[in-house]
Amino acid sequence: ALMRCALRTTALDASATAIAHAKRRLKDGDRLRLLRTNLPGGMPRELFDLIVVSEIVYYLRSDTYTRLAKEISTRIAPGGRVVVLHHHVNFP
């Protein structure tokens, strides 16, 4: 859905399977970059207008979450937005 309104999209995932699946589904090589990496250390060194952090925060220890938040704050462009999607109900 983001690709319909974005000039360029960069998607990150630690899972090779998720990246392979996305490559099969999303065939716009000029506007799409898929990176297999772990956060926060693997955050690309560029500015973004929108950063979406989806379904990862609850896997992180508090010190790692803090590092990720700091990293995001250095990667968001002036006037950009950060959206965090996070499950808020405890589960095993």
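**Fold, cores and selected residues of a predicted model**

T9 touches L2, M3, R31, L32 and R33, leaving aside residues up to four places away in sequence. This contact set comes from a predicted model. T9 is found in strand β1, which covers residues 9-13. Its relative accessibility is 13%. T9 therefore counts as buried, since the limit for that class is under 20%.

The overall architecture places this strand in context. The protein has two helices and four strands. From the N terminus on, the order of elements is β-α-β-β-α-β. The C-alpha atoms fill a box of roughly 35 × 35 × 25 Å, taken along the principal axes. Contacts were also sorted by sequence separation. Among those between residues at least 6 apart in sequence, 64% join residues at least 24 apart.

Surface and charge were examined next. The accessible surface of the protein comes to about 7,100 Å². Carbon and sulfur atoms account for 53% of that surface. Of the 92 residues, 23% count as buried. The protein carries 15 positive and 8 negative side chains. The centres of these two sets lie 2 Å apart.

Attention then turns to the interior. In soluble globular proteins, nonpolar side chains tend to be buried together. The largest nonpolar core here has seven residues in all: M43, F48, I51, V53, V57, L68 and I72. Two elements, β3 (48-54) and α2 (62-75), give two or more residues to this core. The largest share, three residues, comes from β3. Apart from this core lies another, of five residues. Among its members are M3, I19, A22 and L32. Two of the residues named there, M3 and L32, are also touched by T9.

I51 is one of the residues of the largest core. Leaving aside residues up to four places away in sequence, I51 touches M43, I72, R75, I76, R81, V82 and V83. Among these partners, M43 and I72 are listed in the largest core as well.

T37 is found in the loop between β2 (32-36) and β3. At 19% relative accessibility, T37 counts as buried, because the class takes in values under 20%. T37 touches L12, D13, A14 and G42, again without residues up to four places away in sequence.

G79 offers a contrasting case. G79 lies in strand β4, which spans residues 76-85. Its relative accessible area is 77%. G79 is therefore exposed, a class that begins over 50%. G79 and L50 are 29 residues apart in sequence. In space, their C-alpha atoms are 9.3 Å apart.

Aromatic rings were considered last. A pair of aromatic rings is described by the distance of the centres and the angle of the planes. The structure holds one aromatic pair. Y58 and Y59 form that pair, with 4.7 Å centre to centre and 45° between the planes. The pair is tilted. Y58 counts as partly exposed, at 28% relative accessibility. Y59 is exposed, with a relative accessible area of 63%.

Key:
Residues are numbered from 1 along each chain as its sequence is written. This is a predicted model: local features need pLDDT of at least 70, side-chain atom pairs count only at pLDDT 80 or more; totals for chains, interfaces and linings use all residues. Side-chain values use heavy atoms; hydrogens and water are left out. Buried means under 20% relative accessible area, exposed over 50%, partly exposed in between (1.4 Å probe, protein chains only). Contact means heavy atoms within 4.5 Å. Accessible areas come from the Shrake-Rupley method with a 1.4 Å probe; for residues, only the protein chains shown count as cover. Lys and Arg count as positive and Asp and Glu as negative; His and the chain ends are not counted. The place of a charge is taken as NZ of Lys, CZ of Arg, CG of Asp or CD of Glu. A nonpolar core is a set of buried Ala, Val, Leu, Ile, Met, Phe, Trp, Tyr and Cys residues joined through side-chain atoms within 4.5 Å. Rings of Phe, Tyr and Trp (its six-membered ring) pair if their centres lie within 6.5 Å; planes under 30 degrees apart count as stacked, over 60 as edge-to-face and the rest as tilted.
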